[in-house]
Structures are given as C-alpha cells and as structure tokens.
Amino acid sequence: MKRAGLLFSVFLGAFLVLGFLVGNTRPAEAGPLYQSERIIRGAMLYDQWYVVLGVDPPAGDMPVWSRQSSNTRSGGDTWRCSTCHGWDYQGKDGAYRSGSNFTGFPGVLDASKTMSEEEIVQHLKGQNDPAHDFSVYMDESALEDVAYFIKNGLIDDNLFIDPLTGKVTSGDQEHGKGLFLQQCAQCHGQDGSQILFRYEGQNATLGTMAVIDPWRFLHKTRFGTPGTPMTIGYALGWTPQDGQDVLHFAQSLAPNVEPATGEPVMNERSGGGNESPGGPATSWFTGLLTALGAMAASLGFALAFGGVFIGIVLILVWIIRTRR
C-alpha cells in the first residue's frame, strides 16, 4: 500500500509539472507568422486581386471609374486598388496627384488611421458607396485580408522619397546592395537587367522602375507580384529601412533615367501564371501541404512533451529507489 501511494505521488507530480509546461509554452512564431501571411496576401490582393484569386477580371470598367476622365486606362486595370489609390496609398494626394495616373480618388493611408478593419471591410462591400462593392467578386476572406493589410501593413514611403524627383533622401546604399545581391540578383542579375518590364512601349530594367516609380518598387519588393514566384522582403523580415536601402541601391543601377515627376506609369511585366509567391494557400494541394505540416509540427510537439513526461517519471523513480 505504501509503495502504491508513493508511485501515485510520483505520477501526480509528473503530471502537474507537465501540465505547467504545456500551459505556459506555445509556438513563439504562430501568431506573428499568420499575421505576416495576411499582410502579404492582402498586399497582393491590393495589387491585382483577380490574379491572386485565379479568376478573370470583371468585364468592362469598374463602376466608380466613370467618375473621372483624366486617366485613360480601361478594363481590368480599373478594378485594381492600386490604380485608384496609388502605390504610396495616398491617391490624389500622393505620387498620383497629377499626370496620366491622376484620377482624383482618395488614398487609403488616412483610412488606415481612422477606420477599423470591420469598417474597411464594409466599405469594400459598398456600404458607403454601392458602386464600390467588391463582395460580388471577392470572398469574405479576401476582403478581410485587404482590410487587414490596409489597417496594419501600410508604410508612408513619402517620408523618405522626394515627391518631385522620386529619389531616396537618405539610406545606406551599401547595405541595400548587400540585400539586393543576396536576394534579388539571382533573378534580376547584378545590374537588374535580366528581367525586363514594359514602359511606354519599351523595355525597362529594374533600375528604371526604381527611378520612375519608387513607390511601386517598394510595394513589389516587400510583398511580391501576383502570378510570379519572386522573393518577398516582408517574408524575409526586411524592415522599412531595409526596403529603403534596397531602393537606394537599385536607383543607382539606372543613373541616366529621368526621375519621376508626379506621373509614374510603369506597366506590369507580362506573362506568368497564377502561382502564389507567398502567403496563405490558394489551392487544395498547397492547403493540404500546409495542413500536413501543421499536423507534423503538432505531433513533434506532443512527442517532445511525452519524452519530458517519461523522463520526469524515470528520474523520480530513480530518486526514490536510491533513497531506499
């Protein structure tokens, strides 16, 4: 009876210790990682939501588009958040304040400071303006991710970009060069000329894009381009300062290009499928892989604590036996 009581005490003590460990231990990166994925996906939806969702853009122009006459774009481009609200997120008050990209539509930077995520979602659903209803084309998850990005992921890049010249006003060019060569050069080349973009009917290099439209450059390098498997600075842990430094270096790759003058009009690179360069799974296959990875992580976590539990029991039994 005495031995049975002793063994019960041993197991009870081990159980309490294990319970304490489980109750006070959790995966450190689970929350931040999920939040980062939402910001990345929301940013890509802001860029070109129909590519992220793997659907065709709606036919015709976005209903709100008819309220302006200065921007001559049409079709799918008019349905993109970035076309109206800008790559600096300030709309008519930012880089798109004049020129061929001007629409007169407001930005979303101020909304990120004054509106909640729920209010932004309702705005996307056309609560304040029925012509701005995207709920017919985007599911609830997509709408919430766009709102999450607007509320939590926007950066005011105009704080360190000259609005007239588009040049970075400060930054560590050598640090930016190191990040560029480490992450970007493998696809774009050391001089940024391996992948060409279309600009006013001509091919342009990455350096040209950095000079002509630095705000778009920063959005793309932070969050990626929908439909292309490019490296995403945000997923790599790049800070706003890192992005600024990379832009500073990239601008040096095109020293003879005229700077932006209030009307950046760099077009997207053509080609590419619907590959998702990051963020949450967008197909059943990638979703299955994510689920299996989560199960494997959970199993490993359980096995680790099982080992701790058994170890505690063996140590306590050993201590008791040696004392006898």
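Select Arg-80 and Asp-77 to begin: the two form a salt bridge, with the closest N and O atoms 3.4 Å apart. A salt bridge here is a side-chain nitrogen of Lys or Arg within 4 Å of a carboxyl oxygen of Asp or Glu. This is a predicted model, in which local features need pLDDT of at least 70 and side-chain atom pairs count only at pLDDT 80 or more, while totals for chains, interfaces and linings use all residues. Residues are numbered from 1 along each chain as its sequence is written, and side-chain values use heavy atoms, with hydrogens and water left out.

**The salt-bridge network**

Keep Arg-80 selected and consider its cover. Arg-80 counts as buried because its relative accessible area is 5%; buried means under 20% relative accessible area, exposed over 50%, and partly exposed in between (1.4 Å probe, protein chains only). Salt bridges that share partners join Arg-80 to Asp-47, Arg-73, Asp-77 and Lys-220 in one network. Asp-77, by contrast, is partly exposed, since its relative accessibility is 26%. Add Arg-73 to the selection: Arg-73 also forms a salt bridge with Asp-77, and here the closest N and O atoms are 4.0 Å apart. Across the structure, the count comes to eleven salt bridges.

**Helix 9**

Next, select residues 214–223, which make up helix 9. Helices (H or I, at least four residues) and strands (E, at least two) are DSSP runs, numbered from the N terminus. How many of the ten residues of helix 9 are buried? Ten of the ten are; among them are Trp-215, Arg-216, Phe-217 and the network member Lys-220.

Within helix 9, centre the view on Arg-216. Its side chain meets that of Asp-213 in a salt bridge of 3.1 Å, N to O, and both residues are buried. For Arg-216 the relative accessible area is 4%, which is why Arg-216 is classed as buried. Now add Asp-88: Arg-216 and Asp-88 are 128 residues apart in sequence, yet their C-alpha atoms are 7.5 Å apart in space. Just after helix 9, select Gly-224, which takes a positive phi of about 90°.

**Tyr-89 and the cysteines**

Move to Tyr-89, in the loop between helix 3 (81–85) and helix 4 (109–114). Most residues other than glycine have a negative phi, and most peptide bonds are trans. Tyr-89 has a positive phi of about 70° although it is not a glycine. Is Tyr-89 buried or exposed? Tyr-89 is buried, because its relative accessibility is 1%.

Select the cysteines next. The structure holds zero disulfides (a disulfide is a pair of cysteine sulfur atoms within 2.5 Å). Cys-84 is in no disulfide, and the nearest cysteine sulfur, that of Cys-81, lies 8.3 Å away. Cys-84 is buried, as its relative accessible area is 11%. Why is the sulfur of Cys-187 in no bond with that of Cys-184? The sulfur of Cys-184 is the closest cysteine sulfur to that of Cys-187, but at 8.8 Å it is too far for a bond.

**Two contacts across the sequence**

Select Met-115 in the loop between helix 4 and helix 5. Met-115 counts as partly exposed because its relative accessible area is 21%. Together with Lys-151 it makes a pair 36 residues apart in sequence and 7.9 Å apart in space, C-alpha to C-alpha.

Then go to Pro-240 in helix 10 (residues 240–251). Pro-240 has a relative accessible area of 40% and is therefore partly exposed. Add Ile-155 to the selection: the C-alpha atoms of Pro-240 and Ile-155 are separated by 7.7 Å, with their positions 85 residues apart along the chain.

**A negative patch**

Now show Glu-118, Glu-119, Asp-139 and Glu-144, which form a negative surface patch. Patches are made of residues with over 30% relative accessible area and no salt bridge, like charges being joined within 9 Å and nonpolar side chains (Val, Leu, Ile, Met, Phe, Trp, Tyr) within 5 Å. Glu-118 belongs to helix 5 (residues 117–124) and is exposed, because its relative accessibility is 57%.

**The whole chain**

Finally, zoom out to the full chain, with its eleven helices and two strands. From the N terminus on, the elements run α-α-α-α-α-α-α-β-β-α-α-α-α. Of the 324 residues of the chain, 41% count as buried.

Note on methods: Accessible areas come from the Shrake-Rupley method with a 1.4 Å probe; for residues, only the protein chains shown count as cover. Lys and Arg count as positive and Asp and Glu as negative; His and the chain ends are not counted. The place of a charge is taken as NZ of Lys, CZ of Arg, CG of Asp or CD of Glu.
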